[in-house]
Amino acid sequence: MKALNEMELSFPSCSANEGFARAAVSAFVAQLDPTVDELCDIKTAVSEAVTNCIVHAYRSTIGIVYISCRIFENGRIVVKVRDKGCGIEDIEQAMQPMFTTAEGERAGLGFAVMESFTDRLHVSSRLGKGTSVILEKTIRRRPAENGQ
Ligand SMILES: Nc1ncnc2c1ncn2[C@@H]1O[C@H](COP(=O)(O)OP(=O)(O)OP(=O)(O)O)[C@@H](O)[C@H]1O
Ligand SMILES: [Mg+2]
């Protein structure tokens, strides 16, 4: 299905860019007139995905994080966050709540947060090649206030 609107971004995996990515996606999806809660959910999910690229995919090195955001009919938003970092050995295990490879530093809840704040989460990865996280959420159209 063809997107009604789309944008792409790429930036180095420094932590300062986590806030930039969040704000950029938020500004783009604002055209769908989401509620504050819907926008907050998308921002939080994007933030978790980008943080994973920064801290896990590229670790102490700097690589490029790629984001694409597409808007489809009926308010469906698809955000893809991709890296060319170390990859994930066992995706199913990585997605378990509280599983982390950074014990003592991290809670292991990023994927659980992404899952609960979106309608669909899809993760694909190849060891040594990188990881791709697709987040989908539909912004429901609300009847205008005062019947207008
Ligand atoms: N982009 C990625 N590249 C490589 N490994 C990843 C990537 N994203 C996640 N992982 C692996 O999956 C694990 C689980 O990720 P998740 O975001 O759920 O938890 P976390 O990042 O460890 O902790 P938290 O998100 O709570 O700070 C990570 O510990 C890491 O091993
Ligand atoms: Mg995480």
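**Reading the cavity, the pocket and ligand 1**

Colleague: How many cavities of 30 Å³ or more does the structure hold?

Modeller: The structure holds 1 cavity of 30 Å³ or more. On a 1 Å grid over the protein atoms alone, a cavity is a set of points where a 1.4 Å probe fits but cannot get out, a pocket is an open set with protein on both sides within 12 Å along at least five of seven lines, and lining residues have an atom within 4 Å of a point. This is a predicted model, in which local features need pLDDT of at least 70, side-chain atom pairs count only at pLDDT 80 or more, and totals for chains, interfaces and linings use all residues. Residues are numbered from 1 along each chain as its sequence is written, chains are lettered from A and ligands numbered from 1 in the order in which they are written, and side-chain values use heavy atoms, with hydrogens and water left out.

Colleague: How much space lies in the largest cavity, and which residues line it?

Modeller: A volume is the space filled by probe spheres set on the grid points, which are joined across faces, edges and corners, and for the largest cavity it is about 40 Å³. The lining consists of Ile42, Ala45, Ile77, Val79, Thr118, Leu135, Glu136 and Lys137. Two or more of the lining residues come from each of α2 (36-57), β3 (76-83) and β5 (130-138), the elements being DSSP runs numbered from the N terminus, with helices (H or I) of at least four residues and strands (E) of at least two. β5 gives the most, with 3 residues.

Colleague: Where does ligand 1 sit?

Modeller: A molecule sits in a pocket if more than half of its atoms lie within 2 Å of the pocket's grid points, and here the space taken by ligand 1 is the largest pocket. That pocket has a volume of about 730 Å³ and is lined by 32 residues, with Asn52, His56, Ile88, Ala94 and Thr101 nearest its centre. At least two lining residues come from each of α2, β3, α3 (91-94), α4 and β5, and α2 gives the most, with 8 residues.

Colleague: Which residues come nearest to ligand 1?

Modeller: Near means that a heavy atom of the residue lies within 4 Å, and of the 19 residues around ligand 1, Asn52, His56, Thr100, Thr101 and Leu109 come nearest. The largest share of this shell, 4 residues, comes from α2.

Colleague: What polar contacts, pairs of N or O atoms within 3.5 Å, does ligand 1 make with Thr100, Thr101 and Gly110?

Modeller: An oxygen atom of ligand 1 is 2.5 Å from an N or O atom in the side chain of Thr100, and an oxygen atom of the ligand is also 2.5 Å from an N or O atom in the side chain of Thr101. With Gly110 the partner is a polar backbone atom, 3.1 Å from an oxygen atom of ligand 1. Taken alone, ligand 1 exposes 590 Å², of which the protein buries 93%, as computed by the Shrake-Rupley method with a 1.4 Å probe.

Colleague: Which sign of phi do most residues other than glycine have, and what is the phi of Asp33 and of Met98?

Modeller: Most residues other than glycine have a negative phi. Asp33, in the loop between α1 (16-29) and α2, has a positive phi of about 55 degrees. Met98 has a positive phi of about 75 degrees and lies in the loop between α3 and α4.

Key: A polar contact is a pair of N or O atoms within 3.5 Å; within protein, one must be able to donate a hydrogen and the other to accept it, and residues adjacent in sequence count only if both atoms are side-chain atoms.
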